[in-house]
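Biologist: I've got a few things to ask about this one. Put the sequence and the model up, and we'll go strand by strand before we get to the chains.

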Amino acid sequence: MSLIEIDNLSVTFRAQGRLVHAVEGVSLKVEECESYGLVGESGSGKSTILRAICGLAPVTGGTIRIAGQPLPSPRGPGFAAQVQMVFQDPYASLHPRHTIDRTLSEPLAIHGLRDSDARVVQALVDVGLPPGFRFRYPHQLSGGQRQRVAIARALMLQPKILLLDEPTSALDASVQAEVLNLLNRLRAERGLTFLMVSHDLSVIDHMCDRILVMQHGKAVEELARADLAAARMTTSYARSLFEASADRMLAAP
Amino acid sequence: MSLLDIKNLRVTFDTETGPVQAVRGVSFSLNRERLGIVGESGSGKTMTGRAVLRLIRPPGRIEADRMTFDGQDLMAASERDMRALRGKRIGMIMQDPKFSLNPVMTVGRQLTEGLRLRDGLGRADASAKALAALKAVQIRDPERVMGAYPHELSGGMGQRVMIAMMLIPEPDLLIADEPTSALDVTVQAEVLSILDNLVRDRNMSLIFISHDLRLVARFCDRVLVMYKGRIVEEVAAGKLLEAQHPYTRGLLNCLPRIGGPREPLPGLDRTGAWAE
């Protein structure tokens, strides 16, 4: 049994009386402790899949199971303790008028966990931030530091699964490297399972064991990491994405 | 004589906590070539680009020992002279079409505005020229795009509209400030090759500002690497991989590579004397 099982998922939005099929019949399985990547251009439905898992998108067909259990609707506290999300833009995903302390202790209060003092300090240390940052506001932090706070918040309830929606695309290359290293370290230490979305193939390749290439809401091709590195893709779309990746530009001037 | 000649350019902002120098003594000259400026956020690359057009608002100040464009002293030029240069001789493509196009004006009106006011063209001539410009950036359905508002276009289309707008007056120098960082990789490659062809065909000079070393290496002849307002290294784009400076090497090494090792990515070491 896989930890995340998505079977024939469809998400349809209604926009101005018109139906928009954001995700059409996508199936995927993620094993425990695996890191799984979703790649594609904007509008390919990759982020919508993460939102559908969290109950933030109108699912019109198919099933999502976590550890064999179908998800309740609304998701409820049990789900939040198991699955957490890290969003793309740390400038937009942290409350601008809450201190870091308040942001991090809120999930503890909701779930009735004690010891919030020690847990908040430990969470900051775990993501490599000095405990002195606890009473700062988001605008007093840099982009990389904010993303660390967002990761710390996602880990407050010690979930098994992290959904990562382009966690580094708003960051500089050197800061991206630090955040990717942090995510890899946390995954190894805590045995986390990642479902990660990115448009950058080289980032996905660095982070993930298996990759699903998506286009126009449909799954195009699933690739193991070794197949990507060796350019063994069978569909032309996956190949064009590979060819256009910035990484290749440096290799072939 | 070079087209653009800059010596010891400084951009200073007076803040409550004292003056902050965003650009600290940048010198370079530019001929008919494609020059890349790379650096992280806050390195002063955008400010350098804007300073050339004197587009820095107070409390920002621009100072330079010399800044000339085609023999004309940009530091001494009046605001009126600068207006004659902006767009017509030196064009600038901004980063994000969502924020740089007027949201309440159709694309057609924005494209023809300059042609009608600056060049005094009639309505029909101006729109014919705008249509041709949209075709040049490979927009498939230019008539529809002319009548559309910016929110009705995708990011890639919006970026092409901005490129078309800047290319209409055929400037001698084009400053492209992160022209593709808001776009998807596949669209990015397409937009860049359009830009590249246009710059070649019209024999323009290009200053390409980006945080992505790999893109710059592909589309420029020469690369300036900036850190904290200074140029730390200048390299020929083809020899970027052989760059010597620890900062440039650090920037190159911290990028993940397809098929690369799974070890932690090396961070940037900012301890050298250059990091002051």
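Biologist: Which residue stands opposite A:Leu38 in S9(A)?

Modeller: Bear in mind that this is a predicted model: local features need pLDDT of at least 70, side-chain atom pairs count only at pLDDT 80 or more, and totals for chains, interfaces and linings use all residues. Residues are numbered from 1 along each chain as its sequence is written, while chains are lettered from A and ligands numbered from 1 in the order in which they are written. Strand S3 (residues 35-39) of chain A runs parallel to S9(A), joined by four bridges; strands are DSSP E runs of at least two residues, helices are H or I runs of at least four, both numbered from the N terminus, and pairing takes at least two DSSP bridges. Opposite A:Leu38 in S9(A) you'll find A:Leu212.

Biologist: How many of the six residues of strand S9 of chain A are buried?

Modeller: I call a residue buried if 20 or more other C-beta atoms lie within 10 Å of its own, exposed if 12 or fewer, and partly exposed in between, with C-beta atoms placed from the backbone. Strand S9 (residues 210-215) of chain A comes out mostly covered. The buried count in S9(A) is five.

Biologist: And on its antiparallel side, which residue takes a positive phi in the hairpin of S9(A) and S10(A)?

Modeller: S9(A) and strand S10 (residues 218-224) of chain A pair in the antiparallel sense over six bridges, with A:Ile211 opposite A:Leu223 in S10(A). The hairpin leaves two residues between the strands. The residue with a positive phi, near 50°, is A:His216.

Biologist: Over in chain B, what is the bridge partner of B:Leu224 in S11(B)?

Modeller: B:Leu224 sits in strand S10 (residues 222-227) of chain B, which is largely enclosed by the rest of the structure because five of its six residues are buried. S10(B) pairs in the parallel sense with strand S3 (residues 34-38) of chain B over four bridges, and there B:Ile37 has B:Leu224 as its partner. S10(B) is joined by six antiparallel bridges to strand S11 (residues 230-236) of chain B. In S11(B), the partner of B:Leu224 is B:Glu234.

Biologist: Which residue has the positive phi in the hairpin of S10(B) and S11(B)?

Modeller: Two residues lie between the strands of that hairpin. One of them takes a phi near 50°, and that's B:Lys228.

Biologist: Back to chain A: at about what angle does helix H1 run to S2(A)?

Modeller: The setting is an open antiparallel sheet of four strands, ordered S2-S1-S4-S5, whose edge strands, S2 (18-30) and S5 (69-70), each pair on one side only. Strand S1 (residues 4-15) of chain A pairs with S2(A) over nine antiparallel bridges, with A:Val11 opposite A:Val23. Helix H1 (residues 46-53) lies across S1, S2 and strand S4 (59-66) of chain A; axes are lines fitted to C-alpha atoms, for helices over the stretch in contact, contact being C-beta atoms, placed from the backbone, within 7 Å, and angles run from 0 to 180 degrees between N-to-C directions. Relative to S2(A), H1(A) runs at about 75°.

Biologist: Now the contact between the chains. Which element gives the largest share of the side of chain B that touches chain A?

Modeller: The contact takes 26 residues from chain B and 27 from chain A. On the chain B side, the elements giving two or more residues are helix H8 (185-201), helix H9 (213-219) and helix H10 (246-253). The residues there divide into twelve nonpolar, eight polar and six charged, where Asp, Glu, Lys and Arg count as charged, Ala, Val, Leu, Ile, Met, Phe, Trp, Tyr, Cys and Pro as nonpolar, and the others, Gly among them, as polar. The largest share, four residues, comes from H9(B).

Biologist: What distance separates the centres of domain 1 and domain 2 of chain B?

Modeller: Chain B is divided into domain 1 (1-89 + 173-192 + 202-276) and domain 2 (100-170), with bounds from an automatic or database domain assignment. Ten residues of domain 1 are in contact with eight of domain 2, and the domain 1 side has six nonpolar, two polar and two charged residues. Taken over C-alpha atoms, the centres are separated by 27 Å.

How values were computed:
Contact = placed C-beta atoms within 7 Å.
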